[in-house]
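Q: I'm new to protein structures, so please go slowly. I'd like a close look at one part of this model: the sheet, and what goes on around it.

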Amino acid sequence: MHFRSLRFKLTLWYVLILGILLISFSSFLYFTLSKRLHRDVDNKLRSLAELIASESSSPLSKFGFGNLDQALETSMNLKPIGKFIQVLDESGNIGRKSDNLKNVQLPISLNALKNASKGLITFETNRSIGNTSLRIITFPVVENNHVTKIVQIASSLEEVEDTLNKLFRILI
């Protein structure tokens, strides 16, 4: 009859309250870190897209639709390792792309293309290349109130997912 004692009931309440607090804290920690890591990826993609967009009208243009990696390295001393880059014209046809894309192209959704035609930046997550989550920015280059190019940059979310999985295992 120890289950009816006041000591048992108080202990059960303490365990229940502690469990709820730990689950709440762990959930808050996990979702806060997830949001922060994804925001950092988005910020890096946006910075690189802005850099490429600002340079695409001058130094990069002398390379035409040739090797994008060579153009980035020559004009900006930049090697965007782990990033997939392609530059499209205003109608969505691929002009240039980085060497690591080879015969593959980054997917562009109808929504991203519509937003780009309005001059809006779009972030998307996609799993179409090698079953790896990619975070893709579709960044329109606007000149004289007209979209002239669309810069698309993708980065793998594998490291973010690995970090979140490790944290989840630790919290469990």
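A: Let's start with a word we'll need: two strands count as paired if DSSP finds at least two bridges between them. One caution before we dive in: what you're looking at is a predicted model.

Now, the overall layout. The sheet is open and has five strands, lined up in the order β2-β1-β5-β4-β3. The pairing is antiparallel. At the edges you'll find β2 (94-97) and β3 (122-126), each of which has a partner on one side only. From one strand to the next, the twist averages 20°. What holds strands together in general? Strands of a sheet pair through backbone hydrogen bonds, in either a parallel or an antiparallel way.

Let's zoom in on β1. This strand covers residues 83-89 and pairs with β5, residues 146-156, through seven bridges in the antiparallel sense. You can pick out who faces whom: Asp89 sits opposite Lys149 in β5, and Gln86 sits opposite Gln152 in β5. β1 also pairs with β2, again running antiparallel, and here three bridges do the joining. Gln86 turns up here too, with Lys97 as its bridge partner in β2. Put those together and Gln86 has a bridge partner in β2 as well as a residue opposite it in β5.

Is β1 enclosed or out in the open? Six of its seven residues are buried, so the rest of the structure largely encloses this strand. For that count, buried means under 20% relative accessible area.

Next, follow the chain from β1 into β2. The two strands make a hairpin with four residues between them, and Gly92 in that hairpin has a positive phi near 100°.

There's another connection to look at, the loop between β4 and β5. Asn144 is in that loop, and Asn145 is there too. Asn144 has a positive phi of about 55° even though it isn't a glycine. Asn145, also not a glycine, has a positive phi of about 60°. As for cover, Asn144 counts as exposed at 78% relative accessibility, and Asn145 is exposed with a relative accessible area of 81%.

Compare that with Ser133, which belongs to the loop between β3 and β4. Ser133 is buried, with a relative accessible area of 4%. What does Ser133 touch? Leaving out residues up to four places away in sequence, its contacts are Thr125, Asn126, Arg127, Ser155, Ser156, Leu157, Glu158 and Glu161. Take Ser156 from that list: it is 23 residues from Ser133 in sequence, yet the two C-alpha atoms are 5.9 Å apart in space.

Now step back to the helices around the sheet. Helix α3 (residues 110-117) lies across β3, β4 (134-143) and β5, and it runs at about 140° to β5.

Helix α1 is tied to the sheet through a pair of side chains. In general, side chains of opposite charge can pair when their charged atoms come close. Here, Asp42 and Arg135 form a salt bridge, with their closest N and O atoms 2.7 Å apart. This pair connects distant parts of the chain, since Asp42 is in helix α1 while Arg135 is in strand β4, 93 residues away. Both partners are tucked in: Asp42 is buried at 14% relative accessible area, and Arg135 is buried at 15%.

The total comes to three salt bridges, and the other two are worth a look. Arg36 and Asp40 make one, with closest N and O atoms 3.5 Å apart. These two are four residues apart in helix α1, so about one helical turn separates them. Arg46 and Glu50 make another, at 3.3 Å from N to O. They are also four residues apart in helix α1, which means about one helical turn lies between them. On the surface side of things, Asp40 is partly exposed at 27% and Arg36 is partly exposed at 43%. Arg46 is partly exposed at 33%, and Glu50 is partly exposed at 40%.

One last stop on the same helix. Ile20 is found in helix α1, which spans residues 6-55. Together with Trp13, Leu16, Ile17 and Leu21, Ile20 makes a nonpolar surface patch of about 540 Å².

Notes:
Residues numbered from 1 in each chain as written. Predicted model: local features only at pLDDT ≥ 70, side-chain atom pairs only at ≥ 80, totals over all residues. Heavy atoms only, no water. Patch = residues over 30% accessible without salt bridge, like charges linked within 9 Å, V, L, I, M, F, W, Y side chains within 5 Å. Areas by Shrake-Rupley, 256 points an atom, 1.4 Å probe, with all protein chains shown as cover. Salt bridge = Lys/Arg side-chain N within 4 Å of Asp/Glu carboxyl O. Axes fitted to C-alpha atoms, helices over the stretch in contact; angles between N-to-C directions. Contact = heavy atoms within 4.5 Å. Buried < 20%, exposed > 50% of the residue type's maximum accessible area, 1.4 Å probe, protein only.
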